[in-house]
Amino acid sequence: LEEMRRKLGIERWRDNFLPLIQKLPAPLLLINGRYDPACTEYQTGFVLDQAPNAVRVVFENSGHFPRIEEADKYTCAVLKFMENNEAM
């Protein structure tokens, strides 16, 4: 972890990572529930605007825990994302 921290130019792990999103070379899967009170449209929009390799999946019947609230759909979305990006 310390090597990763140094490569990304992070002084402390508690630093804000949002400015680093543009530097991520790997694909990014952004999963959120339609009724998530903690993850706003502004936040997800910011990440999508900043991350060149981002894919968003919205779970229409979930709040903050789609991995629990729609577990089968969540598993399918993660597996599909991994299969589509296995060459990365």
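**Exercise 1: the cysteines**

Cys-39 has a relative accessibility of 22% in this predicted model. Put Cys-39 into its exposure class, do likewise for Cys-76, and then find how many disulfides there are.

*Solution.*
- Step 1. Buried means under 20% and exposed means over 50%. At 22%, Cys-39 therefore counts as partly exposed.
- Step 2. Cys-76 has a relative accessible area of 54%, so this residue is exposed.
- Step 3. For a disulfide, two cysteine sulfur atoms have to lie within 2.5 Å. Going by that rule, the count is 0 disulfides.

**Exercise 2: the two strands**

Work out how strands β1 and β2 pair, which residues stand opposite Val-58 and Phe-59, and what hand the β-α-β unit has.

*Solution.*
- Step 1. Find β1 at residues 28–33; this strand pairs with β2 in the parallel sense, over 6 bridges. Strand β2 itself covers residues 54–59.
- Step 2. Now match up partners. Val-58 in β2 has Asn-32 opposite, and Phe-59 in β2 has Gly-33 opposite.
- Step 3. Add helix α2, residues 41–50: together with β1 and β2 it makes a β-α-β unit, and the unit is right-handed.

**Exercise 3: Val-55**

Say where Val-55 sits, give its exposure class and list what it touches beyond its sequence neighbours.

*Solution.*
- Step 1. Val-55 is part of strand β2.
- Step 2. Its relative accessibility is 38%, so Val-55 is partly exposed.
- Step 3. Skip residues up to four places away in sequence, and Val-55 touches Leu-28, Leu-29, Leu-30 and Phe-81.
- Step 4. Check one of those pairs by backbone: the C-alpha atoms of Val-55 and Leu-30 are 6.0 Å apart, although 25 residues separate the two along the chain.

**Exercise 4: an aromatic pair**

Find how many aromatic pairs there are, and decide whether the rings of Phe-59 and Tyr-74 are stacked, edge-to-face or tilted.

*Solution.*
- Step 1. The count is 1 aromatic pair.
- Step 2. The ring centres of Phe-59 and Tyr-74 are 6.3 Å apart and the planes sit at 40°. Stacked needs under 30 degrees and edge-to-face needs over 60, so this pair is tilted.
- Step 3. Place the partners: Phe-59 is in strand β2 and Tyr-74 in helix α4 (residues 71–84), so the pair links parts of the chain that are 15 residues apart.
- Step 4. Compare their exposure. Phe-59 is buried, at 0% relative accessible area, while Tyr-74 is partly exposed, at 26%.

**Exercise 5: follow the charges**

Side chains of opposite charge can pair when their charged atoms come close. Find how many salt bridges the whole structure has, then trace which residues they join into one network.

*Solution.*
- Step 1. The search turns up 3 salt bridges.
- Step 2. Begin at Arg-34, which bridges to Glu-41 with the closest N and O atoms 4.0 Å apart. Both are partly exposed: Arg-34 at 39% and Glu-41 at 49%.
- Step 3. Arg-34 also meets Glu-60, at 2.8 Å from N to O. Here the loop between β1 and α2, which holds Arg-34, is linked to the loop between β2 and α3, which holds Glu-60, across 26 residues. Glu-60 is partly exposed too, at 37%.
- Step 4. Go back to Glu-41: its side chain meets Arg-56, at 3.0 Å from N to O. Arg-56 is in strand β2 and Glu-41 in helix α2, so this bridge ties together parts that are 15 residues apart in sequence.
- Step 5. Join up the shared partners, and Arg-34, Glu-41, Arg-56 and Glu-60 form one network.

**Exercise 6: Ser-62**

Where does Ser-62 lie, is Ser-62 buried or exposed, and which residues is Ser-62 in contact with?

*Solution.*
- Step 1. Ser-62 is in the loop between β2 and α3 (66–69).
- Step 2. Its relative accessibility is 2%, so Ser-62 counts as buried.
- Step 3. Leave aside neighbours within four places in sequence. What remains is contact with Gly-33, Arg-34, Tyr-35, Asp-36, Glu-69 and Glu-70.

How values were computed
Residues are numbered from 1 along each chain as its sequence is written. This is a predicted model: local features need pLDDT of at least 70, side-chain atom pairs count only at pLDDT 80 or more; totals for chains, interfaces and linings use all residues. Side-chain values use heavy atoms; hydrogens and water are left out. Rings of Phe, Tyr and Trp (its six-membered ring) pair if their centres lie within 6.5 Å; planes under 30 degrees apart count as stacked, over 60 as edge-to-face and the rest as tilted. Helices (H or I, at least four residues) and strands (E, at least two) are DSSP runs, numbered from the N terminus. Buried means under 20% relative accessible area, exposed over 50%, partly exposed in between (1.4 Å probe, protein chains only). Two strands pair if DSSP finds at least two bridges between them. A crossover is right-handed if, with the strands pointing away from the viewer, the path from the first strand over the helix to the second runs clockwise. Contact means heavy atoms within 4.5 Å.
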